[in-house]
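Subject: Structure handover

Hello,

Here is the structure I promised to pass on. Please open it first, then read my notes below.

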Protein chains: 2
Amino acid sequence: MLKQSDPLDVLFAALADPSRRSMIDRLSRGSASVSELAAPLDMSLPAVQQHLNVLEASGIVSTRKVGRVRSCSLEPDVLNQAQQWIADRRTLWAHRLDRLGMFLTEDPSAVGIGKGETK
Amino acid sequence: MLKQSDPLDVLFAALADPSRRSMIDRLSRGSASVSELAAPLDMSLPAVQQHLNVLEASGIVSTRKVGRVRSCSLEPDVLNQAQQWIADRRTLWAHRLDRLGMFLTEDPSAVGIGKGETK
DNA sequence: AGAATACTTAAGCACATGCTTAAGCAATCG
DNA sequence: CGATTGCTTAAGCATGTGCTTAAGTATTCT
């Protein structure tokens, strides 16, 4: 219990692998079985399943077993978190430019001077 | 030369580490030196520098050395690629629902039936 | 029932990652 | 000049990741 990791760690890590992204890609076109996901992937079935475990752990993909076939489907809402994190940093960065503009044209006291900010 | 990896691999991998995200966070508020980045990070300076290398390799952060200080700044445009990839899959997934709707209300031949699509 | 299908588990191995400490080096400061 | 500051390199090590093959298990087909 010493090491509980941020959901974003798991999410971004899941997206960092090309095989997993291609699986997501396939699922974005519609749900599929494990072997359908494996088919285009030049690797063994167990390897695919391990990737699938990673995707499930991140929440991007959910699965349920019907008979002997496991059906996998995308949970696109989970991608929101990642998209939002990125969007937020971009917003912050844009705001930084605002402050710099403020500094250049008006009120130096409104900017964090002497903290490496003015380069 | 056998193993050139997708920029998205590197980008998402860079984002998958909490220390690196906190560095990006700091830089989204304005550029900083290496030791300023290291300050809040309960780890050695060399460790921070290795994270910085990863960030630079991904293109998210650029640095230049002035005197004995290295100044680091965010390249937020690089985040576009990641954001776009996510947005694209979400769009595809939404489109999948369109096709399903088409199937339910109108033209069955327009949908991929019998390929695991109808569950 | 027996054979085929569709996963699933387990074990092992090569290589990558995320640190560490110990030195080293160039740019100021006193 | 010699000392301090700010980074940089190198080496080593524990753990994690991405595969593999071999051997299951549960369903469905014949």
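Which residues are closest to DNA strand D, and how many surround it? The model is predicted, so please read everything below as computed from it. In total, 20 residues surround DNA strand D. The closest are Ser44(A), Gln50(A) and His51(A), together with Ser35(B) and Arg70(B).

The surface near the DNA

The residues of this surface fall into seven nonpolar, seven polar and six charged. Several elements each supply at least two of them. From chain A, that is α4 (45–58). From chain B, these are α3 (34–38), α4 (45–58) and β3 (69–74). The most comes from α4(A), which gives four residues.

What part of the strand faces the protein? Take the atoms of DNA strand D within 4 Å of the protein: 65% belong to sugar or phosphate. The rest belong to bases.

Three polar contacts are worth finding on screen. Arg68(A) places a polar side-chain atom 2.8 Å from a base oxygen of DNA strand D. For Arg68(B), a polar side-chain atom also lies 2.8 Å from a base oxygen of that strand. Lys65(B) reaches the sugar or linking part instead: an N or O atom of its side chain is 3.2 Å from a sugar or linking oxygen of DNA strand D.

The sheet in chain B

Chain B has an open sheet of three strands, in the order β1-β3-β2, with antiparallel pairing. Its edge strands are β1 (32–33) and β2 (61–66), each pairing on one side only. Six bridges join β2(B) and β3(B) in the antiparallel sense. One residue pair links back to the DNA: Lys65(B) has Arg70(B), in β3(B), as its bridge partner. Arg70(B) is among the residues closest to DNA strand D.

Two helices meet this sheet. Helix α2 (residues 18–28) of chain B packs on it and touches β1, β2 and β3 of chain B. The direction of α2 makes about 90° with that of β3(B). Helix α4(B) lies across β2 and β3 of chain B, running at about 120° to β2(B).

The first helix of chain A

Finally, look at α1 (residues 7–15) of chain A. Its buried residues include Leu8(A), Asp9(A) and Leu11(A). Phe12(A), Ala14(A) and Leu15(A) are buried as well. Asp6(A) caps the N-terminal end of α1(A). One of its side-chain oxygens lies 2.7 Å from the backbone nitrogen of Leu8(A).

Best wishes

Key
Residues numbered from 1 in each chain as written. Chains lettered and ligands numbered in written order. Predicted model: local features only at pLDDT ≥ 70, side-chain atom pairs only at ≥ 80, totals over all residues. Heavy atoms only, no water. Near = heavy atom within 4 Å. Polar contact = N/O pair within 3.5 Å; in protein donor to acceptor, adjacent residues only side chain to side chain. Helix = DSSP H or I, 4+ residues; strand = E, 2+ residues; numbered from the N terminus. Nonpolar A, V, L, I, M, F, W, Y, C, P; charged D, E, K, R; others polar. Pairing = 2+ DSSP bridges. Contact = heavy atoms within 4.5 Å. Axes fitted to C-alpha atoms, helices over the stretch in contact; angles between N-to-C directions. Buried < 20%, exposed > 50% of the residue type's maximum accessible area, 1.4 Å probe, protein only.
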